[in-house]
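Colleague: I am new to reading protein models and would love a close look at one part of this one. Could you pick a strand, walk me through its surroundings, and then show me the open spaces around it?

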Amino acid sequence: MKHLFSVLFIAFCLGALHFQVQAQVVIDRQAESITIDSQGNLYLIQDATLYKYASDGRLLSSYTNNMLGHIASVDADNPLKIMLFYEDAGTILFLDDHFAPIGDQIDLFSKGLSTISLATYSTKNNIILYDEINSDLIIMDLYFNVKEKIHNNFEDFHPFQLFDVNEKMIVMQDKEQGSFFFDDFGTFEKNIVVASEFPVQIVGDVIYYIKEGQLRSYNYKQLEGNVIGNIPEGTKQALVYHNNYFFLDQKGAFILSK
């Protein structure tokens with residue numbers, strides 16, 4: 001991982017903040033995506049395996065289910081109830097904080113939901129699904145009853161992220177059109193045009209996103225944007241947790257502290 005350190009110390013400077021590195025952790029494991037939980041633990045998806053790391057780089061747990069195959073996404077907002085979505089298998093699975101399965105697998109195909117492209121878990125114990133083929137946002141309870149099914153007619157809308165924010169909002173991210181906000185009943189509220197081809201992160205009222213080789217932020221309540229700083233070339237995802245910055249590139253993940 002020498003490439004990370006050379007870029008890190010030569011090119012990485014968080015703009016006007018003149019970011020001072022106090023600690024750095026390199027996780028030498030290729031991954032498709034990363035996410036963090038409320039305790040600052042880092043989760044990596046590598047095909048059919050989910051890895052959990054502490055912020056100091058210690059491997060805490062791993063989980064693989066070869067019967068279900070590729071993991072499309074993970075929702076770890078609640079570290080005690082982590083949701084895995086297997087798009088190809090049409091399955092949702094919950095894990096506890098030690099990666100032991102909780103309850104039975106949820107077979108979406110058997111419930112007539114055969115074209116679900118995105119899924120997430122709400123802190124209000126709802127499962128939120130998006131069916132891009134039919135343009136439907138679906139909200140289910142944990143008994144698999146459909147509470148809401150809202151059809152949308154957004155033009156050229158192709159979301160690649162779906163997540164719950166602040167226990168009040170559902171957000172879908174489109175690469176070209178930015179963030180689409182819905183209330184917790186699935187009613188559309190607004191579109192914040194913060195476009196990025198890379199995954200975004202929303203913390204409170206702030207959207208963190210990658211644009212033109214920079215980590216940027218946008219406060220959608222105050223309508224104020226900010227450039228946090230240049231990021232290493234090849235970065236495909238960036239996350240912020242208090243004083244830690246998590247980055248993912250083609251060869252692995254690394255964590256910086258300020």
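Modeller: Happy to help; what follows starts with one strand and its partners and then moves on to pockets and cavities. Please keep in mind that this is a predicted model.

Let us begin with β8, which covers residues 91-95. Is this strand buried or exposed? Five of its five residues are buried, so β8 is largely enclosed by the rest of the structure. Here buried means under 20% relative accessible area. Now look at where the side chains go. In a regular strand they alternate between the two faces of the sheet. In β8, Thr-91, Leu-93 and Leu-95 point one way, while Ile-92 and Phe-94 point the other way. Residues on both sides of the strand are buried.

Next, find the partners of β8. Strand β7, residues 82-86, runs antiparallel to β8 and is joined to it by five bridges. To see one of these pairs, place Met-83 beside Phe-94, its bridge partner in β8. The two strands make a hairpin with four residues between them. Within that turn, Gly-90 has a positive phi of about 60°.

The other partner to look at is β9, residues 101-107. This strand is also antiparallel to β8, with four bridges between them. Leu-95 is a good residue to follow here, as its bridge partner in β9 is Pro-101. Again there is a hairpin, this time with five residues between the strands. Phe-99 sits in the turn and has a positive phi of about 70°.

Now for the open spaces. Rolling a probe the size of a water molecule over the atoms shows where empty space is left. Which pocket does Phe-94 of β8 help to line? Phe-94 belongs to the lining of the second largest pocket, along with Lys-81, Ile-102, Gly-103, Asp-104, Ile-106, Ile-127, Leu-142 and Phe-144. This pocket holds about 150 Å³ of space. Strand β9 gives the largest share of its lining, four residues. Sorted by class, the lining has six nonpolar, one polar and two charged residues. So Phe-94 ties our story together: it is buried in β8, is the bridge partner of Met-83, and lines this pocket.

For a wider view, turn to the largest pocket, with a volume of about 1400 Å³. Its lining has 50 residues, and those nearest its centre are Thr-35, Val-74, Gln-161, Phe-163 and Val-200. Several strands supply at least two lining residues each, among them β2, β6, β10 and β14. The most comes from β14, with six residues. The lining divides into 25 nonpolar, 14 polar and eleven charged residues.

You can also visit β2 itself, one of the strands supplying that lining. It belongs to an open sheet of four strands in the order β2-β3-β4-β5, with antiparallel pairing. The edge strands are β2 (33-36) and β5 (59-64), each pairing on one side only.

Last come the cavities. How many of 30 Å³ or more does a search of the whole structure find? There are two. The largest has a volume of about 40 Å³, and its lining includes Ser-122, Lys-124 and Asp-184. By class, that lining has two nonpolar, two polar and four charged residues.

Notes. Residues numbered from 1 in each chain as written. Predicted model: local features only at pLDDT ≥ 70, side-chain atom pairs only at ≥ 80, totals over all residues. Heavy atoms only, no water. Pairing = 2+ DSSP bridges. Buried < 20%, exposed > 50% of the residue type's maximum accessible area, 1.4 Å probe, protein only. 1 Å grid on protein atoms, 1.4 Å probe; cavity = no way out; pocket = protein on both sides within 12 Å on 5 of 7 lines; lining within 4 Å. Points joined across faces, edges and corners; volume = space filled by probe spheres on them. Nonpolar A, V, L, I, M, F, W, Y, C, P; charged D, E, K, R; others polar.
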